[in-house]
Structure formats: structure tokens, C-alpha cells
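Here is a guided walk through a protein model, written for someone who would rather look at the fold than at a table. Keep the viewer open as you read.

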Amino acid sequence: MSRHSGTREASRLHSRLEALNDARELAGGVLPEESLDDVLQVLERASTRRSLSADHTVVGFFGATGSGKSSLFNAVSGADIATAAARRPTTSEPLAGVWGAAGSEPLLDWLGVDKRHHSAAVPGFADEATGLILLDLPDFDSTKAANREIVQRMVGLVDVLVWVLDPQKYADAAVHNDFLAPLASHGAVTLVVLNQIDLLPPPDIEPVLESLKAILARDGLGKVQVLGASALTGTGVDRVRAAIRHVAVQRQALSQRLAADVSAASAQLAAASGAGEAAGARSGTRSRLAEELAAAANVPLVVDAVSRSYRHESTRRTGWPLTRWLIRFRPDPLRRLNLRREGASAEVNRTSLPPAGAPERARTDAAVRDFADAASAGAPGPWRAAIRGAAREGRDRLPDALDQAIAGTELLAGRKSWWWGVFNVVQWLALLAALGGLAWLGALAGLGYLQLPVPEVPRVEGWPVPTLMIAGGVVLGIVLAIAAKFIAAAAAGLRAAAARKKLNAAVAAVAERLVVEPVEVEVSRLKSFNAALKSAARD
């Protein structure tokens, strides 16, 4: 592999590892901790392995008791490094054959291999420049738990896995179900050797090899290289050496192994997550949520109070002066709700609206639930639960937040209307005219009572002016009062509409802050997770 190609592969692997880590972090609190911990272990192993020698390829020999694993290890190494036995496992700890000692020590320390043999050069296979480490490992079916733990650990650490099987147990479910099938994504760094083919009649060798390939294909390892060999007679050993040398000199095994680990971890996360994207918060569902919350927060009641308060104030300011004082005995609707602020701070103000009862709470819960269901539509199960959970977190704070939002909304209750002053002046002028007429007639009656000369009263169309003043003042006052009610009703409707718009906006802002935004965060998190997982899984 060229230097530039190796650099590209390393850069690509780095990007995939970063994407996998992003996916793991994004899935925190959503997917099971067990799955996230497994991914973290993959990332930590990859980080450590990449920090160690890239000039060495670690090849592990795995096999069951009696498979001749150690004998094949010796045959490939060209020396009796490992102790071989057919009946019980004799390899109780890893043993390394090393070609290229420089830089291998930290790598072997990380692998936990204490037994190290600096092997002599084997012509056509390996020398000091090859950078090859062969590991003879304990049997995976060992009766000792410690040996099985070593094998399980090494399966996750070595760069290349050589599975040594024998004709008697090559179809054993233990090796296929527990080891080979879970490593289906690692076909590029897996080699399967059917050892002891000398025990088979020559005509049976190819059929057995084909049978083994079929079983591996069912395990998802259909492209894995399968070789027949005999450590005892030396048959096929050269082919095994050639296959191992090929991956060693190519210097691709490390990147391929880690890439396979990333693919497997990505698949695990994908299985834990499930596929799909959330619909998200649409404008229609946002509007319905705000409408339902506005109704539950008594916005219609406040809007009606705004309308009635304006009419109340209009009557107090423009009604007939002789009767308008009676309005003072009727409380202002907004003041009863503690919404007619006069210098009070909106931040510390609260309304006197009726507290949310069971119907209002049920309506709020239903509105939030419907919104969350619509926003999470299409999302896989764990993420759908996370989106709904985000919506529920803000639900308990809604009643107080909505009340404060209504209390903090400027309803313009204290703003005067220009026509109030005009009507008020005319009303008082009409009253003064009526009172003037009464005073005039009273003065004339007093003069007559005292037997004093009574001056002639001016007339208009035969009607005495004082009488006209009284009648005109009273009629004008009543007409103005009636007209003011019609004008106040129309103006109250406009003011109520403006108040409704402001209150709905305030309620919508609370819904956005406590429900919509948390839901959108989870929806965006799912989208980012899927994108990161796609990048990590892309070979």
C-alpha cells in the first residue's frame, strides 16, 4: 500500500471514529447504557491501538482443544515456540513470536503478552523488516475461565484473526455462534484454516472445505479465505504463511480491523436505535398547541374582561353625569383579575384567574401529548420516547408560566380614548345647560312668589328658552350616553381583538420555550445521530 493511500485510509478511519463518537454522545440518555458502553470500548481500543506501532501486524491464532492450533503456530513460525498437546489445552497464556523487535514492546504490553520470542527470519515469510507478531492463544473452549477471558479479550484486540479448526469439530456451534458469526463484519481480517487435513481421505478434503465455506457463509463470512493445512505433514503451511505475509506487508490490517470494529459498533447502535426520522414541529401542530393552551389558560376570559373593562371605563367617563357615578359601585373586570396594573412590575405580578382545575389540566396534558405525538411521528421507539419525555418535562411548569405570561402582557387597559374627552365635555355642557334652565325657571318662580315684577322670558318658536335649555340638556345627555355605549362596544371589540392577539402571542411564546424548543432539540438530536451513524457506518 502506498504512503498516500495509507494516509487517506488513516484520515478516513479517523473521520469514521469521530462520527461514531458523535453518535454515541448524541445517543446518551436515549439508548441503553450497555450499547453505549460497548461503543465506548471500541473507541478507546481504537485510540490506544492507533497510538501504538503501526509498523507491526498482530496475528492471533484461535482454536479449540485438539485443533492443533499450537502445532500450526509452530509450523508457520518455523520453530517450536509453543508447546503442543492434543488432549488438554497447554497454552495458558498468550505467547508471541516477534519479527521486528523495535517498537513492539509497548504494543505487546498493551496486549498483555508477557511471553515473547524474537523469532529468526523465515525466508519468504518474515524477517525483522516485516513487523509481524504471531500470538498463540489459549483454547477458546478451555475449562479455565481465565483462559476463556483471555481469548475473548484478544478477539477484540488483534489485527488479524486466524481461526484454526479441525475436521472433527469444524462445524461446532460454539465457535460459530460465539465467535465467528459476531465477527461477520471482520471478514477482511479473518482467515480460517482447516488443520489436520492429513486425517481425511484425499477425496474428502475438498467436500469438507466446501462444507466449511457454506457454514461460514451462513455466519456472514462468505468472503473469508479458507485454507486447508496439516501442521504435521506441512501440507498447506506455505499457503497459510503466504496469506499472513500478504496482510503483514500490505500494512492494511490495522486500519481494516478498526474499520470493521466501527462498522460493527455502528450496526449495534443502529439496532438499538431503530431507523427513522421524526416529523418535527410543524406550523399546524404549533398553532394547535398554542390554541389549546390559550383556552386552558383562560385567555377567552381575559379577552372578555378587556372588552367589559373598556365599556366600564367608557361609561364612567362618558355617561350621563347624573347617573355615571353609579358605575363606581361595579368593580372593574380587569382589576378583579389583577390585570389592571397601575405602576406594578410585570415580573412580580400574578393574575387572579381561577386556578387550573381538572378539565384545564386534562386539556393542557392532551394538547402537549398530541403535539409530542405529531412531532415524534416516524421516529424509532427510543427516540420517540425521548421526544415525548422532553415535552412532558415542560408540561408541569406550564400553568405558572402561562399565568405569568398573561400577567406580563400589556393589555392597554389604562390607555384613554380620544373621544372620551369630547363626550365628557359635551355631557357637562349639556348638564350645565339643563341646570341653567332650571335655575332660570326657579328665579322666575321666586319673583312671582314674592309678587315682584316677572320679566318676559325669551321664546323660540313659542317655547320658553329655559324650558328648551332643560329639555335640550337632558335629551342631549341621554343621547350622548346611548351613542357612547355603541361607540364603546365597537372600540371594546377592537381592543379585545388586540388583547387576544397579544395574549395568544404570549401563550405561544411560553409553548415554544417549554414544549416546542425542547422537542425540537430532541428531533434535531435524532437527525444529527442518524447523520453521524451514517458517516460512521460508511465503508
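The report below takes up the sheet, the cores, a helix among helices, the largest pocket and a few individual residues.

## The sheet

Please bear in mind that this is a predicted model. A good place to begin is the open sheet, where seven strands follow the order 3-2-4-1-5-6-7 with mixed pairing. Strand 3 (115-118) and strand 7 (225-228) are the edge strands; each has a single partner strand, so one side of each has no neighbour in the sheet. From one strand to the next, the twist averages 20°. Strands of a sheet pair through backbone hydrogen bonds, in either a parallel or an antiparallel sense.

Now follow the sheet from strand 1 towards the strand 7 edge. Strand 1 (residues 57-63) runs parallel to strand 5, and five bridges join them; here glycine 60 has leucine 161 of strand 5 as its bridge partner. Strand 5 also pairs with strand 6, again in the parallel sense and over five bridges, and valine 162 has its bridge partner, leucine 191, in strand 6. Strand 6 (residues 190-194) then pairs with strand 7 in the parallel sense over four bridges. Leucine 191 turns up there too, with glutamine 225 in strand 7 as its bridge partner.

## Strand 5 and the helix across it

How many of the residues of strand 5 are buried? The count is six of its six residues, and the strand is mostly covered. In a regular strand, side chains alternate between the two faces of the sheet. In strand 5, Val160, Val162 and Val164 are buried on one side, while Leu161, Trp163 and Leu165 are buried on the other, leaving both faces covered.

Helix 7 (residues 202-218) lies across strand 5 (160-165), strand 6 and strand 7, and runs at about 155° to strand 7. In the loop between strand 6 and helix 7 you will find glutamine 196, discussed further below.

## Two nonpolar cores

The largest nonpolar core has 65 residues, and the members that touch the most others are Leu20, Leu269, Leu289 and Phe529. Helix 17 gives the most to this core, with 17 residues. Phenylalanine 529 is worth a closer look: leaving out residues up to four places away in sequence, it touches Ala23, Leu26, Ala27, Leu31, Leu269, Ser273 and Trp383. A second, separate core holds 42 residues, including Val98, Met154, Val158 and Leu216.

## A helix among helices

Why is helix 15 (residues 398-407) described as largely enclosed by the rest of the structure? The reason is that seven of its 10 residues are buried. They are Leu398, Ala401, Leu402, Asp403, Ala405, Ile406 and Ala407. These buried residues of helix 15 pack against helix 10 (283-296), helix 11 (299-318), helix 13 (358-375), helix 14 (381-395) and helix 17.

Helix 17 (residues 465-537) is also where glutamate 522 sits. Glutamate 522 counts as buried because its relative accessibility is 12%, below the 20% cut-off. Apart from neighbours within four places in sequence, glutamate 522 is in contact with Trp383, Ala386, Ile387 and Ala390.

## The largest pocket

The largest pocket holds about 410 Å³ of space. Its lining has 21 residues, and Arg311, Thr315, Ile327, Arg330 and Lys485 lie nearest the centre. Helix 11, helix 12 (333-336) and helix 17 each supply at least two residues of that lining.

## Residues to pick out in the viewer

Most residues other than glycine have a negative phi. Glutamine 196, which is not a glycine, has a positive phi of about 65°, and glutamine 196 is buried because its relative accessible area is 18%. Asparagine 298, also a residue other than glycine, has a positive phi near 65°. Asparagine 298 lies in the loop between helix 10 and helix 11 and counts as buried at 18% relative accessibility.

Serine 263 belongs to helix 9 (residues 253-273). Is serine 263 buried or exposed? With a relative accessibility of 15%, serine 263 counts as buried. To get a sense of distance, select serine 263 and leucine 503: they are 240 residues apart in sequence and 52 Å apart in space, C-alpha to C-alpha.

How values were computed
Residues are numbered from 1 along each chain as its sequence is written. This is a predicted model: local features need pLDDT of at least 70, side-chain atom pairs count only at pLDDT 80 or more; totals for chains, interfaces and linings use all residues. Side-chain values use heavy atoms; hydrogens and water are left out. Buried means under 20% relative accessible area, exposed over 50%, partly exposed in between (1.4 Å probe, protein chains only). Contact means heavy atoms within 4.5 Å. Two strands pair if DSSP finds at least two bridges between them. Axes are lines fitted to C-alpha atoms, for helices over the stretch in contact, and angles run from 0 to 180 degrees between N-to-C directions. A nonpolar core is a set of buried Ala, Val, Leu, Ile, Met, Phe, Trp, Tyr and Cys residues joined through side-chain atoms within 4.5 Å. On a 1 Å grid over the protein atoms alone, a cavity is a set of points where a 1.4 Å probe fits but cannot get out, and a pocket is an open set with protein on both sides within 12 Å along at least five of seven lines; lining residues have an atom within 4 Å of a point. Grid points are joined across faces, edges and corners, and a volume is the space filled by probe spheres set on the points.
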